[in-house]
Amino acid sequence: MLVVYVGSLILLVVSAFFALDPVSQKPTTAFTTDNITSALTDSSATRLFLQTVVIAPVVTVACVLIAVPTAFFIAKIAPRWMRRGLMVSILLPLWAGYMVKTYAWRAMVSPAGGNQFAAEGRGGGGFLQSVLGWTPGYSKTAVVIALIYLWLPYMVLPIYAGLERLPTSLLDAAADLGAKPMRTFRSAIMPLLRPSIA
């Protein structure tokens, strides 16, 4: 997966150095740096880049904050017979396509008057608007929520694998030595979980 992901990013960067055909908008064989210059000087591109730089760590930290207790519950607290079902429920969204999930979130956070049905007078807003009476609309908050949903399984799985290998005797030893739960988590569990989180 890493090879495909990094390979896609490399192809994206390489394709930026080729001119686009004005009719088909497909890359040609003509080498140019105009695309890079335009991306660095266009204020809207710069603004989008800065928003991405802010949103990415926010989503990452939120995923860690959600994934660590979730994976800990599944690996160490939930009964053994329940663990497989819980992990399947965490990984189930990965079976759907990325675009399908994205459009589903778009429909869920749609503001009143923001979809086809509202325009035709058959109801207003998305699922959240209809059920809760509130929706983040198409704001940055909605983007963060959707990205957390999309990337959370990728955070839970390695953390769960790291916690599954963590010997329960280590937790028992920490408790026997008088460590409180937060001290055990900070001093015994987190140092062993860092590679899984990374």
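This report walks through a predicted model, looking at its cores, its helix pairs and a few single residues.

## The main core

Let's start on the inside. The largest nonpolar core of this model has 24 residues. Val 156, Ile 159, Leu 163 and Leu 193 are the ones with the most contacts inside this core. Nonpolar side chains tend to be buried together in soluble globular proteins.

Where do the residues come from? Helices H3 (43-77), H4 (80-91), H8 (140-165) and H10 (181-197) each give two or more residues to this core. H3 gives the most, with nine residues. For a close-up, pick Ile 159: leaving out residues up to four places away in sequence, Ile 159 touches Ala 67, Val 68, Ala 71, Leu 193, Ser 196 and Ile 197.

## A second core, and a threonine

There is also a second, separate core, this one made of five residues. Val 109, Leu 128, Ala 142 and Ala 146 are among them.

Two of those names come up again when you look at Thr 135. This threonine sits in the loop between helix H7 (127-132) and H8. Is Thr 135 buried or exposed? Its relative accessibility is 13%, and buried means under 20%, so Thr 135 counts as buried. If you set aside neighbours within four places in sequence, Thr 135 is in contact with Met 108, Val 109, Ser 110, Pro 111, Leu 128 and Gln 129. Val 109 also takes part in a polar contact: its backbone oxygen lies 2.6 Å from a polar atom of the Thr 135 side chain.

## H3 and its helix partners

Now for how helices pack against each other. The axes of H3 and H4 come within 9 Å, crossing at roughly 155 degrees. An angle like that makes H3 roughly antiparallel to H4, and the crossing is left-handed. On the H3 side you'll find Thr 70, Phe 73, Ile 74, Ala 75 and Lys 76, and they meet Arg 83, Leu 86, Met 87 and Ile 90 of H4.

H3 packs with H10 too. Here the angle is about 110 degrees, with the axes 13 Å apart. That makes H3 roughly perpendicular to H10, and this crossing is right-handed. The residues that meet are Val 64, Val 68 and Phe 72 from H3, and Phe 185, Ile 189, Leu 193 and Ile 197 from H10. Look back at the main core and you'll spot Leu 193 there, listed among the residues with the most contacts.

## H9 against H10

H10 has another partner to look at, helix H9 (residues 168-176). Their axes come within 10 Å and cross at roughly 155 degrees. This makes H9 roughly antiparallel to H10. The handedness of the H9 and H10 crossing is right-handed.

Which residues meet in this pair? From H9 come Leu 170, Leu 171 and Ala 174, while H10 brings Thr 184, Ala 188, Ile 189 and Leu 192. You've met Ile 189 already, in the list of H10 residues that meet H3.

## Two residues along H3

Back to H3 for a look at two single residues. Val 59 is in this helix, and it is buried, with a relative accessible area of 6%. Leaving aside neighbours within four places in sequence, Val 59 is in contact with Val 144, Leu 147 and Ile 148. Try finding Leu 152 as well: Val 59 and Leu 152 are 93 residues apart in sequence, but their C-alpha atoms are 9.2 Å apart in space.

Thr 46 is in H3 as well. With a relative accessible area of 30%, Thr 46 is partly exposed. Its side chain reaches the backbone oxygen of Asp 42 at 3.0 Å. Not counting residues up to four places away in sequence, Thr 46 touches Ala 39 and Leu 40. As for Asn 35, which is 11 residues from Thr 46 along the chain, the two C-alpha atoms are separated by 13 Å.

## A backbone detail

One last stop is the loop between strand E1 (18-20) and strand E2 (27-31), where Gln 25 lies. What is the phi of Gln 25 near? The answer is 60 degrees, a positive value in a residue other than glycine.

Technical notes. Residues are numbered from 1 along each chain as its sequence is written. This is a predicted model: local features need pLDDT of at least 70, side-chain atom pairs count only at pLDDT 80 or more; totals for chains, interfaces and linings use all residues. Side-chain values use heavy atoms; hydrogens and water are left out. A nonpolar core is a set of buried Ala, Val, Leu, Ile, Met, Phe, Trp, Tyr and Cys residues joined through side-chain atoms within 4.5 Å. Buried means under 20% relative accessible area, exposed over 50%, partly exposed in between (1.4 Å probe, protein chains only). Helices (H or I, at least four residues) and strands (E, at least two) are DSSP runs, numbered from the N terminus. Contact means heavy atoms within 4.5 Å. A polar contact is a pair of N or O atoms within 3.5 Å; within protein, one must be able to donate a hydrogen and the other to accept it, and residues adjacent in sequence count only if both atoms are side-chain atoms. Axes are lines fitted to C-alpha atoms, for helices over the stretch in contact, and angles run from 0 to 180 degrees between N-to-C directions. Angles under 35 degrees count as roughly parallel, over 145 as roughly antiparallel, 65 to 115 as roughly perpendicular and the rest as oblique. A crossing is left-handed if the near helix is turned anticlockwise from the far one by less than a right angle, and right-handed if clockwise.
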